[in-house]
Amino acid sequence: EKHTDIAVKNADISPFINSLSFTPTQAQSRVINDILRGFESGIAQNRLVQGDVGCGKTLVAAAACFAMAQNGYQSCVMVPTEILANQHYKSFCEFFKDFDVNISLLTSSTKTKERREILQKLKNGETDIIIGTHSLINSEVEFANMGLCITDEQHRFGVRQRTLAGLKGNNPHILV
């Protein structure tokens with residue numbers, strides 16, 4: 001067990017859940033609650049969330065990111081392809097449209113000027129959630145306060161790549 005300095009004092013995500021146009025399934029609610037209890041425990045989680053395509057893993061990830069943002073921490077969502085990064089970015093923007101949660105998208109096709117702005121906002125702590133491809137593990141990517149690192153389709157990344165993403169924070173919670 002690794003202790004973490006990431007202090008999630010209030011993992012009340014009911015405003016987020018109540019904003020949804022649907023009710024999460026019992027399984028989604030159970031997994032979300034397990035993750036939130038883990039955030040409050042003071043022990044860094046390294047958790048596998050497994051489920052079929054379309055079962056709602058993205059909602060679980062968004063709920064976890066919401067709890068982090070509410071507590072002043074940044075979240076990183078690393079995915080294997082640009083197509084998936086764009087899909088997640090759209091989903092997260094829709095999930096958080098009623099909230100003051102700043103989301104950025106970083107991929108290899110992000111233009112230089114925009115990339116510089118994204119990296120600056122991330123380093124300053126203005127960005128709550130960054131979604132991207134393996135571009136997120138580049139040395140130029142610095143977080144102000146990463147609390148959560150999510151790797152989607154983790155089997156498509158090497159162990160070293162997944163580890164590098166997590167090292168960008170101070171012992172963050174890990175979800176794969």
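## How H3 meets H4

In this predicted model, helix H3 (residues 57-70) and helix H4 (residues 82-95) cross at roughly 55 degrees, and that makes the two helices oblique to each other. Their axes come within 11 Å, and the crossing of H3 past H4 is right-handed.

Who does the touching? On the H3 side you'll find Thr-58, Leu-59, Ala-61, Ala-62 and Cys-65, while H4 brings His-88, Ser-91, Phe-92 and Phe-95. Sort those residues by class and you get six nonpolar, three polar and no charged.

## How H2 meets H3

Now look at the partnership with helix H2 (residues 26-41), whose axis comes within 10 Å of the H3 axis. These two cross at roughly 30 degrees; angles under 35 degrees count as roughly parallel, so that's the label H2 and H3 get. H2 also passes H3 in a right-handed crossing.

H2 makes this contact with Gln-28, Val-31, Ile-32, Ile-35, Leu-36 and Phe-39. From H3 come Leu-59, Val-60, Ala-63, Ala-64, Ala-67 and Met-68. The class count here is 11 nonpolar, one polar and no charged.

## A closer look at H3

How many of the 14 residues of H3 are buried? The count is 11, so H3 is mostly covered. The buried ones run through Leu-59, Val-60, Ala-61, Ala-62, Ala-63, Ala-64, Cys-65, Phe-66, Ala-67, Met-68 and Ala-69.

The length of H3 checks out too: at 1.5 Å a residue it should span 20 Å, and its end C-alpha atoms are indeed 20 Å apart. After H3 comes Gly-72, which has a positive phi near 80 degrees.

Notes
Residues numbered from 1 in each chain as written. Predicted model: local features only at pLDDT ≥ 70, side-chain atom pairs only at ≥ 80, totals over all residues. Heavy atoms only, no water. Axes fitted to C-alpha atoms, helices over the stretch in contact; angles between N-to-C directions. Helix = DSSP H or I, 4+ residues; strand = E, 2+ residues; numbered from the N terminus. Parallel < 35°, antiparallel > 145°, perpendicular 65-115°, else oblique. Left-handed = near helix turned anticlockwise from the far one by under 90°. Contact = heavy atoms within 4.5 Å. Nonpolar A, V, L, I, M, F, W, Y, C, P; charged D, E, K, R; others polar. Expected span 1.5 Å × (residues − 1). Buried < 20%, exposed > 50% of the residue type's maximum accessible area, 1.4 Å probe, protein only.
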